[in-house]
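Grab a coffee and work through these exercises with the structure open beside you. Try each task yourself before reading its solution.

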Amino acid sequence: MKRITVAKGDGIGPEIMDATLEILKAAGARIEIDEIEIGEKVYLSGNTSGIASESWNSILTNKVFFKAPITTPQGGGYKSLNVTTRKSLALFANVRPCKSYHPFVRTKHEDLDLVIVRENEEDLYAGIEHQQTDEVVQCLKLISRPGCEKIVRYAFEYARTNNRKKVTCFTKDNIMKQTDGMFHQVFNEIAAEYPDIENDHYIVDIGSARLADTPENFDVIVTLNLYGDVISDIAAQIAGSVGLGGSSNIGEECAMFEAIHGSAPDIAGKDIANPSGLIQASVMMMNHIGQSDVAEKIENAWLKTIEDGIHTADIYKPELSKEKVGTKAFAQAVIERLGQTPSQFKPVKYEATEGIKLVPYTRKEYAKKKLKGVDAFIDWNGIDPNELAEVLTNITTSNLKLTMITNRGIKVWPKGFKETFCTDHWRCRFMTDNGAEVGKDEIISVLSQAEGLNMDVIKTENLYEFDGKPAFSLGQGQ
Ligand code: NAD
């Protein structure tokens, strides 16, 4: 028996969770359930995290969390429970298989069968945002080498364990050379360790376009958090319906399983929601806890139900379906087919596996880090960058002097275009031009001289070289 934590969530959550639990029980799942309350009621009771501390204890003890969708109340102040759970439990991999069920579920892509492995903890989802000037706000995109290594290695291990042939990486490293560049670099390094699995890389924009056009050319896709979020919904939608997809969120200790859709308040309480997304999540969960016999039984019964034309309203089409059913009747139809296999779809065969265990991350030798200068960001309400430069060229230290000003990343001094639109947020680069290593005291001196000139420095970024390579972006146009 395995104890798991279950949350029935909001909206259609209780209906689809009850339906799925009935199926699990009928299929002989060897599980015991601890139920916790999360979501709207908890938020509205004044707990802005949407989950009580004793509920965390249940999840941390059981290490497996089966979660129905929740409603996040509108308005500020409420933190996304999904993001909090993923990050608090270090659920670094979000795995979303997408498959079309042609000819029983309408889709333009009959052969779509792919898995998106999305990094789940980093990127712009770190939620580190600041307003810096009257006109400019900032969100920090943080990417770490261990984060990249874990997710990329997981994608290759997943491909190997699940007999997938190719892993494709999506990044935007033509623009974000440091952050996305590191993800791509790590992908290349780790791909070399898996010669049995094909690999390729697309810039995310053309990659997404190809995914929407010819998804059958993709197998496993690994990508950063934000791109993964966007392309998973695209893939689920073009497969036929977001109501059909399940996902797992995997960490080294804990795992969370859920449907990919939300709480669908528009159809809540009507017994019409499709429980398939949560059923798919339950199949992933059964495989995860080593009960692949139960997973196989449920998946085959579910496939048989779909090919028998027993469909909920979201996928019902008179020309493809035989019977339109509600949530409860759909679950009943799956239960009646437990032990049967589909005849049109290929029956699934799951083997009990150990689960994916990643080799522990080992830190590389420390690179030689040398300080070469500083970017001082200044809130300045002028228009002409030459005027700003005239003031800032008065700031010098033994090694540092003003070398460049950019506005929103575009070089405006020296020799910018007068056409470039400028706002009140100026990046002023003070660097050495003699290759010398700079002391922190020189940066402090730049800042105190700026203060003496009434310049409003809102933040700084140190400019480093790592092992002799400059580790900061140039200004656009530089
Ligand atoms: P949604 O996924 O709940 O609904 C989008 C549309 O799809 C609606 O028309 C809905 O009726 C339909 N739909 C969704 N699931 C369905 C199902 N199983 N069967 C049939 N139709 C289905 O997205 P939304 O309306 O943007 O969000 C509603 C709420 O859900 C919001 O509060 C949002 O924050 C929350 N949400 C939660 C999660 C989660 O808990 N993992 C994920 C996404 C959204």
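**Exercise 1: The ligand's surroundings**

Task: Find how many residues surround the ligand, and which are the closest.

Solution: Start with the count: the ligand has 18 residues around it. Ile70, Gly262, Ala264, Asp266 and Asn274 are the closest. Keep in mind that you're looking at a predicted model. Next, sort that shell by class: seven residues are nonpolar, seven are polar and four are charged.

**Exercise 2: Polar contacts to the ligand**

Task: Work out which atoms of lysine 67, isoleucine 70 and glutamate 258 pair up with the ligand.

Solution: Take them one by one, using a cut-off of 3.5 Å between N or O atoms.

- Lysine 67 uses its side chain: an N or O atom there sits 3.3 Å from an oxygen atom of the ligand.
- Isoleucine 70 uses its backbone, where a polar atom is 3.0 Å from a ligand oxygen.
- Glutamate 258 puts a polar side-chain atom 3.3 Å from a nitrogen atom of the ligand.

Now look at the ligand's surface: on its own it exposes 810 Å², and the protein buries 66% of that.

**Exercise 3: Empty space inside**

Task: Count the cavities of 30 Å³ or more, then say which residues line the largest cavity.

Solution: First, the idea behind the search: rolling a probe the size of a water molecule over the atoms shows where empty space is left. Here the count comes to one cavity of 30 Å³ or more. The largest cavity holds about 40 Å³ of space. Its lining is made up of Val83, Arg86, Lys87, Arg118, Asn120, Tyr125 and Asn225. Helix H4 (residues 81-88) gives the largest share of that lining, with three residues. By class, the lining splits into two nonpolar, two polar and three charged residues.

**Exercise 4: A lysine in a strand**

Task: Decide whether lysine 459 is buried or exposed, and name the residue whose side chain it contacts.

Solution: Locate lysine 459 first: you'll find it in strand E19 (residues 456-466). Its relative accessible area is 18%, so lysine 459 counts as buried, the cut-off being under 20%. As for its partner, the side chain of lysine 459 makes a polar contact of 3.1 Å with the side chain of glutamate 461.

**Exercise 5: The whole chain**

Task: Describe the protein chain by its helices and strands, its box and its share of buried residues.

Solution: Count the elements: the chain has 13 helices and 20 strands. Then box it in along the principal axes, and the C-alpha atoms fill roughly 80 × 55 × 45 Å. Finally, of the 478 residues in the chain, 51% are buried.

Note on methods
Residues numbered from 1 in each chain as written. Predicted model: local features only at pLDDT ≥ 70, side-chain atom pairs only at ≥ 80, totals over all residues. Heavy atoms only, no water. Near = heavy atom within 4 Å. Polar contact = N/O pair within 3.5 Å; in protein donor to acceptor, adjacent residues only side chain to side chain. Areas by Shrake-Rupley, 256 points an atom, 1.4 Å probe, with all protein chains shown as cover. Nonpolar A, V, L, I, M, F, W, Y, C, P; charged D, E, K, R; others polar. 1 Å grid on protein atoms, 1.4 Å probe; cavity = no way out; pocket = protein on both sides within 12 Å on 5 of 7 lines; lining within 4 Å. Points joined across faces, edges and corners; volume = space filled by probe spheres on them. Helix = DSSP H or I, 4+ residues; strand = E, 2+ residues; numbered from the N terminus. Buried < 20%, exposed > 50% of the residue type's maximum accessible area, 1.4 Å probe, protein only.
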